[in-house]
Amino acid sequence: MAQIDQTPAWQALVEHAGTVGKLHLRDMFRTGDDGDRYRQFSREAAGLRLDLSKQRWQGDTLELLLELARDAGVPEAIERLLSGERVNISEGRPALHTALRLPADASLMVDGEDLVPAVHATLAQMDSMVDRLHAGQWRGATGKSIRDVVNLGVGGSDLGPLMVTHALSDFRPDVAHPVEVHFASTMDGSQLADYLSRFNPETTLFVLSSKSFTTIDTLSNANTARDWLVNRLVTHGHQEGVDAELVMHQHFIGVSASPDKMSEWGIAADHQLEFWEWVGGRYSLWGAIGLPIALVIGMEGFRRLLAGAHAMDHHFQTAAMQDNLPVVLALAGIWNNNFLDIRAHSILPYDGRLEYFAAYLEQLEMESNGKSVTNDGDSVDYSTCPVLWGQLGPNAQHAFYQLLHQGTQAVECDFIAPLARYDDVADPATRAHLMGQHRLTLANCFAQSRVLMLGDDAIADDGPRPEHKRYRGNQPSTTLLLERLTPETLGALIALYEHKVFVQATIWGINPFDQWGVELGKKIANETRDIIEGRQGLDDMDASTRGLIEATWRAADE
């Protein structure tokens with residue numbers, strides 16, 4: 001099968017870009033196809049409003065991109081994904097994160113098995129755990145109620161839950177016994193060491209989240225946590241009836257697709273949550289990996305998050321291509337990356353609750369689509385995933401926006417903000433002040449995308465300016481508005497980007513559901529650790545690695 005860049009649709013876009021790519025955005029707004037670019041290039045679904053009018057394209061550009069998507073088989077690929085076909089080609093399995101958010105009365109048959117009952121059985125098990133913790137009924141080995149829960153995970157087992165718990169912290173339920181949720185992911189132990197110096201081992205519970213239960217980062221932290229608990233509660237605790245087995249039972253929950261490995265490590269069977277092989281780690285927050293989310297916002301809030309994502313799934317499956325939010329968002333990225341040669345993409349949320357959203361998307365997009373080999377095993381001759389990066393917009397304005405406005409790099413930007421906030425604050429004076437701050441935030445969001453588009457034309461004519469005060473504009477951007485930030489709209493927002501990644505992967509002909517580069521890094525890291533600890537095998541290393549390992553040995557000997 002010919003690569004996508006050899007198709008007539010791709011070649012038509014190359015020719016089209018030779019003309020449209022020379023136009024400035026300010027001119028497109030002056031001579032829009034129908035005089036109303038916003039109406040032409042905005043879409044709504046699942047509580048989200050997507051404005052693509054500041055992209056450097058025209059109506060016929062989108063039509064050509066839609067033709068490219070059809071040639072790449074995007075409509076058929078969407079059906080294969082959602083029906084449970086083995087779209088993860090290199091690993092021979094489905095990618096069914098969407099099944100985790102199906103309602104209880106749905107059915108999804110894969111290889112003769114309905115997946116929905118098992119999904120909802122796990123949700124029910126999570127529900128029970130959350131209820132016990134929120135009621136103060138989950139007690140540690142010494143009989144005291146758990147107060148601090150530490151999630152030990154890395155990658156998708158950390159970034160997703162961390163991002164969502166921070167974003168939805170306003171939705172904490174009123175419960176009898178609130179627990180505080182914390183995250184430790186770094187293998188150097190710095191995050192965990194801080195917690196262990198402050199927390200009471202009698203009231204601390206650890207959640208070990210690892211799909212394979214072999215990830216060295218997570219297991220290193222888990223072993224440290226286990227030693228800390230046993231040392232404090234058993235070796236030096238001197239409390240009758242408290243032994244290592246009781247400590248392991250009361251202070252650990254495991255989330256993995258490898259129950260045997262969880263049991264071998266010491267996690268009790270009734271404290272294990274199921275994680276299926278057909279869910280990729282970076283797509284896993286919707287299931288048991290989302291336990292920390294449920295502990296923060298309650299199971300009702302967690303189910304609302306699932307419902308919002310499912311609403312986007314339904315839209316993705318049923319909406320016409322030209323009105324399909326994930327499809328048109330993906331096509332804007334394809335246009336910028338492959339035809340306008342814009343290979344940097346910045347994520348800029350204008351809401352402090354979305355502080356970790358850019359970091360979450362960095363993994364979602366770059367681990368999924370950072371590939372250079374097609375599903376047919378051929379090296380690609382075109383760019384795939386751009387470099388993704390970002391920060392809270394109001395902070396980034398005082399950091400790297402200088403590059404966006406006057407630097408030499410073309411950058412595509414996504415501006416994200418809720419339309420309404422603080423209208424539910426009880427005190428009238430405080431509400432008025434906070435709503436004023438939110439209007440200021442929205443003003444900055446809209447103004448920045450306008451200046452990036454128009455450049456000097458956004459400034460009132462105040463006479464000639466020196467070159468160092470001039471702005472070229474013509475930087476493309478997307479604006480994504482949520483009606484308000486709720487579990488439902490956040491679920492829809494995350495699902496939007498998940499599906500965008502899938503559409504782009506389909507067009508590029510790559511597999512977004514494996515991560516062999518990550519696996520290679522883990523393998524080599526384990527081999528290098530053995531050399532450092534065993535002090536053998538150095539002759540097989542390159543000169544640089546030899547020198548670094550020798551420096552490690554010298555430091556250990558001093």
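**Exercise 1. Work out how helix H5 and helix H18 are arranged: how do their axes cross, and which residues meet?**

Solution. Start with the axes: helix H5 (residues 74-83) and helix H18 (residues 487-508) approach within 10 Å, and their axes cross at roughly 125 degrees. Keep in mind that this is a predicted model.

Next, put a word to that angle. Roughly perpendicular covers 65 to 115 degrees and roughly antiparallel starts over 145, so H5 and H18 count as oblique to each other. The crossing of H5 past H18 is right-handed.

Now look at who touches whom. H5 brings Val74, Ala77, Ile78 and Leu81, and these meet His499, Phe502, Val503, Thr506 and Ile507 of H18. The spacing along the helices fits a simple rule: an α-helix has 3.6 residues a turn, so residues three or four places apart point the same way.

**Exercise 2. Take strand S13 and decide: is it enclosed or open, and which strands pair with it?**

Solution. First, check burial. Six of the six residues of S13 (residues 477-482) are buried, so the strand is largely enclosed by the rest of the structure.

Second, sort the side chains. In a regular strand they alternate between the two faces of the sheet. Here, Ser477, Thr479 and Leu481 point one way, while Thr478, Leu480 and Leu482 point the other way, and all are buried.

Third, find the partners. Strand S2 (residues 48-51) runs antiparallel to S13 and is joined to it by four bridges; in this pairing, Leu50 stands opposite Leu480. Strand S12 (residues 412-418) runs parallel to S13, with six bridges, and Ala417 sits opposite Leu481.

**Exercise 3. Place Asn324: where does it lie, is it buried or exposed, and what is it in contact with?**

Solution. Go to the loop between helix H12 (291-318) and helix H13 (325-339), and you'll find Asn324 there. Now check its accessibility: the cut-off for buried is under 20%, and Asn324 comes in at 1% relative accessibility, so it counts as buried. Finally, list the contacts, skipping neighbours within four places in sequence: Asn324 touches His315, Phe316 and Ala319.

**Exercise 4. Pick out the buried residues of helix H10 and say what they pack against.**

Solution. Scan H10 (residues 244-251) for buried positions, and you get Val247, Met248, Gln250 and His251. Then look around them: the buried residues of H10 pack against two strands, S7 (204-209) and S8 (252-256), and two helices, H9 (216-235) and H11 (259-265).

Note on methods. Residues are numbered from 1 along each chain as its sequence is written. This is a predicted model: local features need pLDDT of at least 70, side-chain atom pairs count only at pLDDT 80 or more; totals for chains, interfaces and linings use all residues. Side-chain values use heavy atoms; hydrogens and water are left out. Buried means under 20% relative accessible area, exposed over 50%, partly exposed in between (1.4 Å probe, protein chains only). Two strands pair if DSSP finds at least two bridges between them. Contact means heavy atoms within 4.5 Å. Axes are lines fitted to C-alpha atoms, for helices over the stretch in contact, and angles run from 0 to 180 degrees between N-to-C directions. Angles under 35 degrees count as roughly parallel, over 145 as roughly antiparallel, 65 to 115 as roughly perpendicular and the rest as oblique. A crossing is left-handed if the near helix is turned anticlockwise from the far one by less than a right angle, and right-handed if clockwise.
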